[in-house]
Amino acid sequence: MKIFALFIGFIAFTSSFATHGFAMRVVGSCHDNVFSLEISTSFHGQVTFSLCESQESKTLRVKTLNIVYDENNKKSVMTEVTEIKDLTGDSFDKIVAMYEEALAFNTMDNANGLDGSTWCIKTYRGMNDLKACFWTPGSNTESRGLSGLYNLGEHLWDVANLKNNKQFQFY
């Protein structure tokens, strides 16, 4: 029984290290996640962007999740695709600069609605993680202090070439 208790204690201890930033972060095939931005739309799926940097590469991980109703089988089909896009140093630096601007959001934002999108940005800074979510940053962007976040999302959407994807809409 003592061994079992020690094992459970060890699991909790290592889990605590991982959630508090002590363990190396691995996202797909890249290490050291700089940030992630998840955009979930009411009717057009979900996209998660993760900017990653390692000694070998600078990449953008783009995970798309789409749910489509199949009329023939009368059920919904979920499709998940993950792409890793290699970035040049200049492209990576531009995204990092836009990310820094995106962090100037208004923490008191209280907008919401029925249809739209939910944007969640998660930052990784040392031992601290921060996650902030906003309803449809494209609505009253300037007055809500979300210009930086909106511009970042729009740029990542372009880098991922999602404008040509009919399954996803940016809003």
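The buried residues of helix H2 pack against strands E3, E4, E5 and E7 and against helix H3 (147-159). Let us work out how this picture comes together.

The model is predicted, so local features need pLDDT of at least 70 and side-chain atom pairs count only at pLDDT 80 or more, while totals for chains, interfaces and linings use all residues. Residues are numbered from 1 along each chain as its sequence is written, and side-chain values use heavy atoms, with hydrogens and water left out.

**Exercise 1. The overall plan**

Find how many helices and strands the protein chain has, and in which pattern they follow each other.

*Solution.*
- Step 1: Start with the terms. Helices (H or I, at least four residues) and strands (E, at least two) are DSSP runs, numbered from the N terminus.
- Step 2: Count them. The protein chain has 3 helices and 8 strands.
- Step 3: Read along the sequence. The pattern is α-β-β-β-β-β-β-α-β-β-α.
- Step 4: Look at burial, where buried means under 20% relative accessible area, exposed over 50%, and partly exposed in between (1.4 Å probe, protein chains only). Of the 171 residues in the protein chain, 34% are buried.

**Exercise 2. Building the sheet**

In what order do the 6 strands of the open sheet stand?

*Solution.*
- Step 1: Recall what holds strands together. Strands of a sheet pair through backbone hydrogen bonds, either parallel or antiparallel. Here two strands count as paired if DSSP finds at least two bridges between them.
- Step 2: Begin with E4 (residues 46-53). Antiparallel to E4 runs E3 (residues 33-41), joined to E4 by 7 bridges. E5 (residues 58-70) is also antiparallel to E4, with 8 bridges.
- Step 3: Check single residues. Serine 40 has glutamine 46 of E4 as its bridge partner, and glutamine 46 stands opposite leucine 65 in E5.
- Step 4: Look at the turns. The hairpin of E3 and E4 has 4 residues between the strands, and glycine 45 in the turn has a positive phi of about 85°. The hairpin of E4 and E5 has 4 residues in between.
- Step 5: Go outwards. E5 is joined to E6 by 12 antiparallel bridges; tyrosine 69, for example, has serine 76 in E6 as its bridge partner. E7 and E8 pair in the antiparallel sense over 8 bridges.
- Step 6: Put the order together. It is E6-E5-E4-E3-E7-E8, with antiparallel pairing. E6 (75-86) and E8 are the edge strands, each pairing on one side only.

**Exercise 3. The helix on the sheet**

Which residues of H2 (residues 89-102) are buried, and on which side are the exposed ones?

*Solution.*
- Step 1: Check the length. H2 has 14 residues and reaches 20 Å from its first C-alpha to its last, close to the 20 Å expected (1.5 Å times one less than its number of residues).
- Step 2: List the buried residues. In H2 they are Phe92, Ile95, Met98, Tyr99 and Ala102. They cover an arc of only 125° around the axis (taken from the directions from the helix axis to the C-beta atoms), which puts them on the same side of H2.
- Step 3: Turn to the exposed residues. Asp90 and Glu101 are exposed on the other side of H2.
- Step 4: Compare with the strand. In E4, 6 of the 8 residues are buried.
- Step 5: Look at H3, using contact (heavy atoms within 4.5 Å). H3 lies across E3, E4, E5, E6, E7 and E8, running at about 90° to E3. Such angles run from 0 to 180 degrees between N-to-C directions, with axes being lines fitted to C-alpha atoms, for helices over the stretch in contact.

**Exercise 4. The disulfide**

Which cysteines form a disulfide, and how far apart are their sulfur atoms?

*Solution.*
- Step 1: Recall the bond. A disulfide is a covalent bond between the sulfur atoms of two cysteines. Here the test is a pair of cysteine sulfur atoms within 2.5 Å.
- Step 2: Search. The whole structure holds 1 disulfide. Cysteine 120 and cysteine 133 form it, with sulfur atoms 2.0 Å apart.
- Step 3: Place it. Cysteine 120 lies in E7 (residues 117-125) and cysteine 133 in E8 (residues 128-135), so the pair ties together parts that are 13 residues apart in sequence. Cysteine 133 in E8 is also the bridge partner of cysteine 120.
- Step 4: Find the hand. The torsion about the S-S bond is about 115°, so the disulfide is right-handed.
- Step 5: Check accessibility. Cysteine 120 counts as buried at 8%, whereas cysteine 133 counts as partly exposed at 42%.
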